[in-house]
Amino acid sequence: MKQTRNARRWRRLPLAAALMAIGHGAWGDEAVLPDVEVRAERTTPALSLPSIAAAREELARVPGGAGFVDVDAERSGRQATVADTLGYATGVFVQPRFGAEEARLSIRGSGLQRTFHMRGVKLMQDGVPLNLADGGADFQALEPLAARYVEVYRGANALRYGATTLGGAINYVSRSGRDAPAFLARAEGGSFGYRRAQLAGGGVSGELDGYVSLSHFGQDGFRDHADQDGHRLFANVGWRLAPELETRFFVVDAHSNSELPGSLSRAQLNANPRQANAGSVAGDQKRDVDLRRVSNRTVWHAGDVQLELSAFYARKTLFHPIYQVIDQTNEDSGAEARLVSDAPLAGRANRFTVGVAPSWGRTSSQNSANVGGQRGAKLDESLQKASNLDVYVDNEHDFAPGWRAIVGGQWSQSRRRLDDSYIPTGQADASFDQTYRNFSPKLGLVREFDNGAQLYANWSGSFEPPSLSEMSSYVINAGLEAQTARTVEIGSRGRLDGALPIEWDASVYDARVKNELLAQAMPNNATLTFNVPRTRHRGLELGVTAWPAEGLAWRNALLLNRFRFDGDATYGNKRLAGVPETFFKSELTQRFGAGYYVSANVELSPSSYAVDLANTLFADRYTLLGLKVGREVSKGLGWFVEGRNLTDEKYAATTGVIRDAGGQDAAQFLPGDGRAFYAGLEWKL
């Protein structure tokens, strides 16, 4: 009688949940069926937060580079930085600048010279932009431990999110009360005073569900003057108004205080990588960020049509003593409406997408002399405004069995304005008001085979207006042009299950860039941005995972970057500085019964790479080795112990970029962490 009742319940569950229940039942009948019933109710997908299965299905439709990161799989080790989460994401180069939250993140050479305040990639939380209206983004706005998975759309493959940057888009998707553990507690600790903690949980009550995550991050740092301290609240509440209508509200409250140890010369790095730059210590350089953000996402299904509406408001304050003390208050808001229709066209499968996304930003900025990390005499004050209007359309059509064509484009208008409200005697008014417009096209083709493998090709345009900080940092540079590019890409992805199961994601691309926005570090650690008439970005993005034996997984991520000037009057065809030409990561994991695992990994930068645009100063190659052991469980207590850089190698995790070092050493190297050990515990109900 008990099994009959369960069978009737299964008929009311979604197909995926029923299959999950049957799969669990294969392990034994006793005490399994009641557990399955509870899990099935909790994992009923939220309309406003797509399930992992739905996200993978959407990624498979993209005619180009697109990847997926299961955050649960990355929780088997330390989770402190964006590099911990995205380190194996195909096509993503990410290196923290001093073992902390900020990093150089680049896709296809986007934002090459940025080691902070990322640009060139649209960063999102649940499909809603985290970027400021002028295009910059703060990593402090992210909490990887609160995410269920991450989508990575490389280049113009991010058009479905209205993104046309060279780098594409990264979307962190939150847990909901429908898929989160009822309670989770996590604690991590280790070398250099590292400490990390999270309390989280979710649940469902009728048509309401909710999730909340509280987290703390702190460390003394591998280097001197590198203390970090921050805490974050991430929460969301969803309301199923009708079977096909759901609205969800999100709240973020993030606070981060970071000391900045600054850059070293190569000689200083080799002598003592733990030291801080003397100027950074004297100026007590730091970056303190407070961010509050609210957003909403509403999804409505009506047959073959889906309507998605979103809106957000964010307020950020910044206290940033560097070469000057920068005080800023940012207020950013935006909205988006997207319509997706899966109605057939001419008797064949078709998907039509159209969307419009306006955004606005307002920044009150004041610069003062840095007197030991405190505000001295006022040097500058301004009101800065940014606005954008993006309208995009995309159509996918199955024109023959196994063949799909994609045609789309986006029209963008961006305005950047600065009102100079402090003009000292003898100085000119630095106000400016510039508007940029562009149309970015996209053509794509996908060939799908019966075994699930795909071949794809696309041709697309990209468009990036300069950010306000690039137009007004160090000197007023209102004459900057927008960066554009035309990119050709071919690739393949899929999975083959045979004697050697293997999954791959591979893309080769060639981007011809006009007016690339490059930045150089100045002697006082400010940056100066300028346009380069023509550059060329070519590369290979490869991600491969194989399962050579039962319980054994081997995953690999390879980047080949060929970023060069294209017949430049000053630099000819020299390499663009800031990123290694070859970068490789590999991890071999053996899993045993009851959730136990052992994992060994390597990170390899096999050749030196340029620090200056003239290619006279280089960062050295390096190899890092790591090891993890632990236990993962769906409920109960899990743990890990991890060792990183076991050979204690001295290396530059990333560097600044300058025009011409003249072959001389310069303080442009940011040391990576030395040998370190971490441990963590996680309890789930």
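Student: I've clicked on aspartate 70; is it buried, exposed or partly exposed?

Tutor: Relative accessible area settles that: under 20% is buried, over 50% exposed, and in between partly exposed, using a 1.4 Å probe on protein chains only. Aspartate 70 comes out at 23%, so it counts as partly exposed. Keep in mind that this is a predicted model, where local features need pLDDT of at least 70, side-chain atom pairs need 80 or more, and totals for chains, interfaces and linings use all residues. Residues are numbered from 1 along each chain as its sequence is written, and side-chain values use heavy atoms, without hydrogens or water.

Student: Which residue forms a salt bridge with aspartate 70?

Tutor: Here's the general idea first. Side chains of opposite charge can pair when their charged atoms come close. The cut-off is a side-chain nitrogen of Lys or Arg within 4 Å of a carboxyl oxygen of Asp or Glu. For aspartate 70 the partner is arginine 148, with the closest N and O atoms 2.6 Å apart. Arginine 148 sits in strand β6 (residues 147-154) and aspartate 70 in strand β1 (residues 66-70), so this pair ties together parts that are 78 residues apart in sequence. Those strand names come from DSSP runs numbered from the N terminus: helices are H or I with at least four residues, strands E with at least two. As for arginine 148, its relative accessible area is 14%, so it is buried.

Student: How many salt bridges does the structure hold?

Tutor: There are 48 of them. Try glutamate 581 next: it pairs with arginine 564, the closest N and O atoms being 3.5 Å apart. Glutamate 581 lies in the loop between β24 (552-565) and β25, while arginine 564 is in strand β24, so this link spans distant parts of the chain, 17 residues apart. Glutamate 581 is buried at 14% relative accessibility, whereas arginine 564, at 27%, is partly exposed.

Student: Which residues are linked in a network of salt bridges?

Tutor: Look for Arg75, Arg186, Glu188, Glu682 and Lys684, which are joined in such a network.

Student: Now the empty spaces. How many cavities of 30 Å³ or more turn up?

Tutor: Think of a cavity as a set of points, on a 1 Å grid over the protein atoms alone, where a 1.4 Å probe fits but cannot get out; lining residues have an atom within 4 Å of a point. Points join across faces, edges and corners, and the volume is the space filled by probe spheres set on them. Searching the whole structure gives 16 cavities of that size. The largest has a volume of about 640 Å³. It is lined by 36 residues, and the closest to its centre are Arg78, Asp84, Lys585, Glu603 and Arg644.

Student: Which element gives the most to that lining?

Tutor: That's β29, with four residues. Elements that each supply at least two include α6 (82-86), β2 (92-96) and β33 (676-684). By class, the lining has 13 nonpolar, twelve polar and eleven charged residues. Asp, Glu, Lys and Arg count as charged; Ala, Val, Leu, Ile, Met, Phe, Trp, Tyr, Cys and Pro as nonpolar; the others, Gly among them, as polar.

Student: Lysine 585 is in that list of residues closest to the centre. What does lysine 585 form a salt bridge with?

Tutor: With glutamate 603, which is in the list too; the closest N and O atoms of the pair are 3.8 Å apart. Lysine 585 is in strand β25 and glutamate 603 in strand β26, 18 residues apart. Both residues are buried.

Student: What about the second largest cavity: how much space lies in it?

Tutor: About 550 Å³. Among its 39 lining residues, Lys122, Ala133, Gly135, Asn388 and Asp390 are the closest to its centre. Strand β15 (324-341) gives the most to this lining, with five residues. The classes here are 14 nonpolar, 16 polar and nine charged.

Student: How do β15 and β16 pair?

Tutor: Strands pair if DSSP finds at least two bridges between them. β15 and β16 run antiparallel, over 16 bridges; serine 333 has tryptophan 360 in β16 as its bridge partner. β16 also joins β17, again antiparallel, through 21 bridges, where glycine 361 meets alanine 386 of β17. In the hairpin of β16 and β17, two residues lie between the strands, and glycine 372 takes a positive phi near 60°.

Technical notes:
On a 1 Å grid over the protein atoms alone, a cavity is a set of points where a 1.4 Å probe fits but cannot get out, and a pocket is an open set with protein on both sides within 12 Å along at least five of seven lines; lining residues have an atom within 4 Å of a point.
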